[in-house]
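Colleague: I should like to understand how the descriptive terms used for a protein model are justified. May I put some questions to you?

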Amino acid sequence: DDHVGQIKTDPKIAVIELIANASDAGATEVSVQWPLEIGQSMSIADNGTGMTKDEFITRWETLCFDRRKTLGKEVLFPSDVNPKPQRSLFGKSGKGRHAALCFADEYIVDTRKEGRQTVAKVVQLHSSDKPFSVSVIKDVQLGVNSHGTTVSANTTKGLLPENEIIEVIGSKFLIDPSFKISVNGKVVALTAIEGIKTEEVQLTDGRKITIIVVDSEG
């Protein structure tokens, strides 16, 4: 609990962390499948760089994986993303990778990189020495060179209404036009978010610009 902290107890923070991981992985699209009731599956799938089996094991089995020290301070985009967008890095401590524990005591990571697919199960343990276990259940060569990561779980707790999930996602990520997010097949747009204000400003050269202000909860 000390290692994961608030990420495991606050569903809004957990969702933000999972999507921030996709952003840091250079994803341009994220698909969120959000359940309507406890017991159904939730998943967050991205088309980012993905991980090899060795990369996954290193990052998940290191308690305090320092993303910036290991991978640098820049977002790493897949090779087929051109031109590369300008994007700020979210992650630092590595704790966000366990955000799915907010919704269940175990979750699945399905990641693809360099023509290989790795699938692993992560289970929460009630031990101060080892707070979770990681087991690779699949590692295969694919016929296509796809990339991306999907985190999924059968929910047992932490479920929020779909509209609240859309609100929190929109308030944190919609400033990046290179990052498209959908929830249950519906693209998250500014018009779906409460607290949106638009202001028209007259410039000295005669042009007008529209400023969009998002009133986020923080």
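The conversation below takes up these terms one after another.

Modeller: Please note at the outset that this is a predicted model. The protein contains 4 helices and 10 strands, and along the sequence they follow the pattern α-β-β-α-α-β-β-β-β-α-β-β-β-β.

Colleague: What makes α1 oblique to α4?

Modeller: Helix α1 (residues 11-24) and helix α4 (residues 162-173) pack at an angle of about 50°, and their axes are 10 Å apart. Angles under 35 degrees count as roughly parallel, and those from 65 to 115 as roughly perpendicular. The angle of about 50° falls in neither range, and therefore α1 is called oblique to α4. In addition, the crossing of α1 past α4 is right-handed.

Colleague: Which residues of α1 and α4 meet?

Modeller: From α1 come Lys12, Val15, Ile16, Ile19 and Ala20; from α4 come Glu164, Ile165, Val168, Ile169, Lys172 and Phe173. The residues of this contact comprise 8 nonpolar, no polar and 3 charged. Ile and Val count as nonpolar, whereas Lys and Glu count as charged.

Colleague: Why is Ala22 called buried?

Modeller: Ala22, which lies in helix α1, has a relative accessibility of 2%. Buried means under 20%, so Ala22 meets the condition. Apart from neighbours within four places in sequence, Ala22 is in contact with Ala27, Val30, Asp46 and Phe179. The C-alpha atoms of Ala22 and Asn47 are 7.9 Å apart, although the two residues are 25 residues apart in sequence. In the protein as a whole, buried residues make up 41% of the 218 residues.

Colleague: How do you know that the buried residues of α2 line one face of the helix?

Modeller: In helix α2 (residues 53-61), the residues Phe56, Arg59 and Trp60 are buried. Viewed down the axis of α2, the buried residues fall within an arc of 90°, so they line one face. The general rule is helpful here: an α-helix has 3.6 residues a turn, so residues three or four places apart point the same way.

Colleague: Why is Glu114 called exposed, and why is Asn184 called only partly exposed?

Modeller: Glu114 has a relative accessible area of 58%. Exposed means over 50%, so Glu114 qualifies as exposed. Asn184 has a relative accessible area of 25%. Partly exposed covers the values between the limits of 20% and 50%, and therefore Asn184 is placed there.

Colleague: What makes the phi values of Glu114 and Asn184 worth a remark?

Modeller: Most residues other than glycine have a negative phi, and most peptide bonds are trans. Phi of Glu114, however, is near 55°, a positive value in a residue other than glycine. Asn184 is not a glycine either, and its phi is positive at about 50°. Glu114 lies in the loop between β3 and β4 (116-124), while Asn184 lies in the loop between β7 (180-183) and β8 (186-187).

Colleague: Which peptide bond is cis?

Modeller: The bond from Asn82 to Pro83 is cis, with omega near -5°. Pro83 belongs to the loop between α3 (67-71) and β3.

Colleague: How do you know that Lys113 and Gly50 are brought together across the chain?

Modeller: Lys113 and Gly50 are 63 residues apart along the chain, yet their C-alpha atoms are separated by 5.1 Å. Lys113 is in strand β3 (residues 106-113). Beyond neighbours within four places in sequence, Lys113 is in contact with Thr49, Gly50, Met51, Thr52, Glu55 and Ser146. Contact means that heavy atoms are within 4.5 Å.

Colleague: With which residues is Thr150 in contact, leaving aside its neighbours within four places in sequence?

Modeller: Thr150, in strand β6 (residues 148-154), is in contact with Ser43, Ile44, Ala45, Ile108, Val109, Asp110 and Arg112. Thr150 and Val30 are 120 residues apart along the chain, and their C-alpha atoms are separated by 9.4 Å. Among the contacts in the protein with a separation of 6 or more, 63% are between residues 24 or more positions apart.

Terms used: Residues are numbered from 1 along each chain as its sequence is written. This is a predicted model: local features need pLDDT of at least 70, side-chain atom pairs count only at pLDDT 80 or more; totals for chains, interfaces and linings use all residues. Side-chain values use heavy atoms; hydrogens and water are left out. Axes are lines fitted to C-alpha atoms, for helices over the stretch in contact, and angles run from 0 to 180 degrees between N-to-C directions. Helices (H or I, at least four residues) and strands (E, at least two) are DSSP runs, numbered from the N terminus. Angles under 35 degrees count as roughly parallel, over 145 as roughly antiparallel, 65 to 115 as roughly perpendicular and the rest as oblique. A crossing is left-handed if the near helix is turned anticlockwise from the far one by less than a right angle, and right-handed if clockwise. Buried means under 20% relative accessible area, exposed over 50%, partly exposed in between (1.4 Å probe, protein chains only). The arc is that of the directions from the helix axis to the C-beta atoms.
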